[in-house]
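Reader: Hello! I'm in my first year and would like a close look at one part of this structure. Could you walk me through chain A, and then show me what lies beside it?

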Amino acid sequence: MHQEAAIREPLILGEKSYSQITDDVMASVVGKANRSWWIAIGIAAVMAAWGIGCILYLIGTGIGTWGLNKTVGWAWDITNFVWWVGIGHAGTLISAVLLLFRQKWRMAINRSAEAMTIFAVMMAAVWPGIHMGRIWLAYFVFPLPNQFGSLWVNFNSPLLWDVFAISTYFSVSLVFWYIGLIPDFATIRDKVTQVVPKKVYSLLAFGWTGNAKAWNRFEEISLVLAGLATPLVFSVHSIVSMDFATSVIPGWHTTIFPPYFVSGAVFSGFAMVQTLLIIMRKVMNLENYITIKHIEYMNIVIIVTGSIVGVAYLTELFISWYSGVEYEAYAFINRATGPYWWSYWAMMTCNVVSPQVFWFKKLRTSIGFTFFMSIIVNIGMWFERFVIIVTSLHRDYLPSSWTMFHPTFVDIGCFIGTIGIFFVLFLLFARFFPVLPLNELKTILKSSGEQYKNQPTTEEH
Amino acid sequence: MSNNKKYWKGVEELNDSPAFQKVKSQEFNEYLPAEDFLGDEGLLENSNTSRRDFLKYLGFGVTAASLAACEAPVNKVIPHVIKGDKTNPGVANYFATNYSDGFDYCDIVVKTREGRPIKIEGNKKSPLTNGAINARVNSSVLSLYDEKRYRAPQIGGEPTTWTKFNSTVKKELADVLAKGGKVRILTNTITSPSTKKLVGEFVAANPSADIKHVSYDAISASGMLEANKESFGVAVLPTYNLSKAKSIVSIGADFMNSFPSSLELTSQYAKGRKPENGWMSKHFQFEASLSLSGSNADVRMPMKPSEYGKTVVAIYNYLNGNKADAAPKVKMAAEHLLANKGASIVLCGSNDKNIQNVVIAINHMLGNYGKTINIDKSSFQRQAIDADVAGLVNELKGGTVDVLIVDGANPVYNMPTNMDFKGAMSKAKTSIVFASRPNETSVEAKMVGAAPHYLESWNDANAVAGHYSITQPSISPLFDTKQFQDCLISWMGMDGNYYDYIKATWSAVTFPMQSKTLLFEDFWNTTLEAGYFNGSAGEMAASTFTDNASFAVSAITKIKSSDLEIEFYSKVGIGNGNQSHNPWLQELPDPISKITWDNYIAMNPAEARENGFATEYGEQKDADTINITINGVTFENIPVVAQPGQAPGTLSLAVGYGQTIGKSNEVIGFNAYSAMKGMQNYSTDVSMEAAGDKYQIATTQTHQTVMGRTSVVRETTLDVYQTGVKDDFNPAHMLATHEGPMNINDVDLWAAHPVATAGHHWGMSIDLNSCIGCGSCVTSCNSENNVPVVGKDEIRRAREMHWMRIDRYFSSSPESVEDRNYGDMESPEDNPQVVHQPMMCQHCNHAPCETVCPVAATTHSNEGINQMTYNRCIGTRYCANNCPYKVRRFNWFNYMGYDKFADLNPSQDDLGRMVLNPDVTVRARGVMEKCSLCVQRIQTGKLDAKKESRPVMDGDIETACSSACPTNAITFGDYNDKSSKVLAASQSNRAYRVIEEVGTQSNVYYQTKVRNVEPNIA
């Protein structure tokens, strides 16, 4: 058995046995949904319905129902796209990268983080779809064989790279998440007694038997998928950033974008994980599994990535001056002092200044404060994308075409809608899926469980 | 109600003869031998029609009938029984004609496709207008397809037939003429010799009656006409030659827009603005509101409109040696005039004959008559004498006028409220108004003659002495319309129609002026083809001159100024307002303010700030409103716009707006005419107060300055240019590399497109020195390329669809980016210098848009054109974002069908759709579009050359914008044609490409603007 140093804090608190872990995780699946779940999903469903209505209106009437104009061709649509994709990154980072680095603390959070990834990527994928003027021709972006002669997609276009990056990322994440779910579905299948759920869970469990061979394969495939997913964590947001970096627009045309976007993505992703888990551990009584330690670890990731992002912001400013390019310099002066100064300073405050308070242990271990900060960071990261997209576009080369962007109710409605859909999906996940990898958690119970941790073992002698 | 009338089938029934009674009792008129046949048993027995035969015939009959029913469906394709001469599907026909509405005169060529006029261009061969055209003229084709047009004449507001209409008028006229009554004919300025002759004949035929023809110009030049009458004995306007004038001084004359014969002046002006010629005219402008002409001036001085007279006098005195009381800029102008005697022109826009008398005296003193001004070669483009118009109104008010006939004028709308034309007109016993669509005057008339559009009419014109032209129809009337002249012919009981009458007139008047053609028919046909005829005209000579200056000067000194004055001006798009229902013109941004769909009070920015009015407006920023009383007429909640260049203590308001009749959408703007007094284009009787409300204003450009970006706009002064050192005024972009500084064009990551050597390589060159910003290219592009009209609300969302726009930049006080004083650079100076820069797709050889489209919907052609494939476009808008010139336009809605645009976009009704160019796709919702460099014209040009087995010649192909440019600022051509003008222009030392350092390698070059000004005087 793997031994862990005594000074490491335990990852599972309380007097837990294997069956208790199973019961704790399954409580939500077999039990009745509580009142707060119904209220939450009710609100989320209303938001989702409103958003779907707005999206249908958008598709039925035209992109003109958004507030875009001749100069600002992208605004909330692509801001939301990048924001959601960014949020998705935490899940993959936690499950894949931390798996490769054998970070056991990931086990309490990776299932929900991955679920968050899947749903966030789904929400992200909505935006490039509905932002098209002619969504009914969206299949043009796929390199499909056709009868139009040599008609082919444009492989030079970063938007096409996005298509491949996002679809690859989504499929790998989905498979990875699902593979992890299989043993846990099997456990639920074995435990539930009602006929229909049993049938459903047995279908979902793919006939998992739990024998050694199966576990062996499970471990191997997890490792392989983690290996596949890890580069994707970096590639997806790098490619998303190239939508901007390869353009000629001052404020977009920046080589710093790929690393800066990836760290920003991890930053916002962890913040979203915090938002979700802090509520979930409370509502579902999972405080023993998702501990203050987990929250603290994630806050440390937030400080690190937030600081990287801060350095990137300052580098951009420096380079805009150092380059001597008039347009570049103006783009950044305009960001900070132009008509959108408030969004720039909202971004700066939320993303650079505020995470620094996590240097204080008291604050980074405070649940209430962490929750507050997670919201702040997500607001800040939304503003980061808004600043990059809108403030670069709205004043580019020819002053005659400078405009402002004024969002309409449809812009707002569609965004709220994706948040609604996301929460509906996540709440359904929390209700019907094992929110913790219960079988994996059992593997660390004996080494990192609180009641086992400080027991003297005979083998030592 | 019982009907007592009895109807007879014929005279027989009326007479009721016994023979008729006998016939009436029978079912059949003739005797039928049925009884003879059926009653004779033997005959029936012998007949060989058996039962079998009967069945056979029955069977055959049924089969034949059912076979007939199986006939193939009838295709309702109706071929030309006789195909029209040269009307081939897909091939355009061009007709030379002219536009003459009493405000603009232009020789034009009408392009028709499948019999429909779809485009109007200037007649390049015309010696008068030289192919120059403005937005009002080239948009007039849309008015032809106006849904709101009268479709039949009306009596008492009810549609009727022309027979009824004419017989009614004839009867009334006969009564009036018999008793020697008063008949008044009120028209806009008519230059047509035939119409004048016809009216003259009408007058002559009724010597006992009191018949008078009165000309009426909404924007009057009566002061000039009267001054010329006093000075030279004839109430005409002179013709000018600005191309020879080295010194141009304009005092309140917007000679590029609203001044009489503005098109001629505009094209002449550009000829004197070419620094390559070694000289350039120097243009001084003294004016209250920043006009189109003022925006192009080298030296501009804002002043109150009441001071125009004093300025004219100051110049006059200066020239006479009295140099005391002249402002520095006036002094400068006067000195420049003195230095260019005989090669200068002083123009004044005042409608005060005293001021015009002094202007004439100045020009006379300078020896300009006979050199740059010709009074003998008169212009007839304004004829209204204000006193005559006022006299007519008084006669009407007196109730003595029996018949009032109005043609081509809308006096109820554009006469001041205090003249009360509406009330006056109601006192005429009969009022007959000819109008093509309901207007304020026609709805008050007892009878309305539904007039055809000028593209459906025959007419002639004599705009300038010696220049005769024929107006010929290019389509037969769409509706049941008749011209006033045709009706008059019918009322006079003459034979034939107006067409015959014109021919007869020409045969008598113009045909004898020439000796080249022996037969009149030949003469007629050649003139019809050319559109004009150059008859005998006055020579350049100074007429006998009477100096009225001294009297006039003393009158001028009595002109009073006030603290607040207002100037009424006319906008480039709307002009005098007779096309204010034309959505292309409403959507055309004002060249100075860039505001569309409105008129407004323009105010000096400093004063606007003092009063706490918003100085930024457009998009979602609203303008503040005021209540203003001008000459006792109050406008409530009228928006105020801070207009750089507006003289302190003055306001200005455009005429032509606020028409209430015949609009489906809300009334656009405010009727400034109503507040005028005595046809004066300014007023000193103004009071205003803040109304505290907000007004939504739509502008296409919300940022006014160029932010010191010298690679966007390049300008220099004539002195610097003449040193010939290119680096001083048009430096190349150098890039610091490890090999030392390199020209930006030599550093490239990309392979060049193989267009430089093979086939064609299309491109364009735009001379910023020639471009005056008039917007003719914008509307020309709209009509060529089926650009949708989107309306005020969409423009407030910055979504206008114009492929071609004109960027207008005001100078700012810190000009250089070195200061990094961006805040101050954003606000224009109070009396700024102005640059107009036409901007459309630059057709970059290394186009940023092409690389980013995921579906390759925008690609480079092998002729150097950046092209859009509409049906491949999925509308990601990435291309528009990545376009450094922001020229791409997205179809935010289905403009052809969406309700929001039902009243705005003419293409939403069946009639308005007829103006669409069949060669250009109407774009679907969700698709990106932009300037195609008129690829359809390029294709036509190549095909025409191919048919004639010759290469495409330089100048064969013109884009819609280049052909519409009255100053020839835009040159289109083939860079691979080594002799092409566009290649030469692109290699000139003034040539640069906008933001060349981005490396887009665009195919559109601009020529640096050169100002004839000393650096320290702005």
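Author: Happy to help; here is a walk through chain A, its contact with chain B, and a sheet in chain B. Please keep in mind that this is a predicted model.

Let's begin with the make-up of chain A: it has 16 helices and 0 strands. Its C-alpha trace spans about 80 × 55 × 45 Å along the principal axes. The radius of gyration of chain A is 23 Å, and because a compact globule of 461 residues would have a value near 23 Å, the two agree. Of those 461 residues, 52% are buried. Now look at how the chain meets itself: among contacts in chain A with a separation of 6 or more, 84% join residues 24 or more positions apart.

Next comes the place where the two chains touch. Chain A brings 42 residues to this contact, and chain B brings 47. On the chain A side, α5 (158-191) and α10 (326-337) each supply at least two residues. Sorted by class, that side of chain A holds 22 nonpolar, 16 polar and 4 charged residues.

Finally, step across to chain B. There you can find an open sheet of 7 strands with mixed pairing, in the order β5-β4-β16-β15-β14-β6-β7. In chain B, β5 (158-159) and β7 (210-215) stand at the edges with a single partner strand each, so one side of each has no neighbour in the sheet. The partnership of β6 (residues 182-187) with β7 in chain B is parallel and runs over 6 bridges. To see one of these bridges, find Lys182(B), whose partner in β7(B) is Asp210(B).

Definitions and conventions:
Residues numbered from 1 in each chain as written. Chains lettered and ligands numbered in written order. Predicted model: local features only at pLDDT ≥ 70, side-chain atom pairs only at ≥ 80, totals over all residues. Pairing = 2+ DSSP bridges. Helix = DSSP H or I, 4+ residues; strand = E, 2+ residues; numbered from the N terminus. Contact = placed C-beta atoms within 7 Å. Nonpolar A, V, L, I, M, F, W, Y, C, P; charged D, E, K, R; others polar. Rg over C-alpha atoms; globule rule 2.2 N^0.38 Å. Buried ≥ 20, exposed ≤ 12 C-beta atoms within 10 Å, placed from the backbone.
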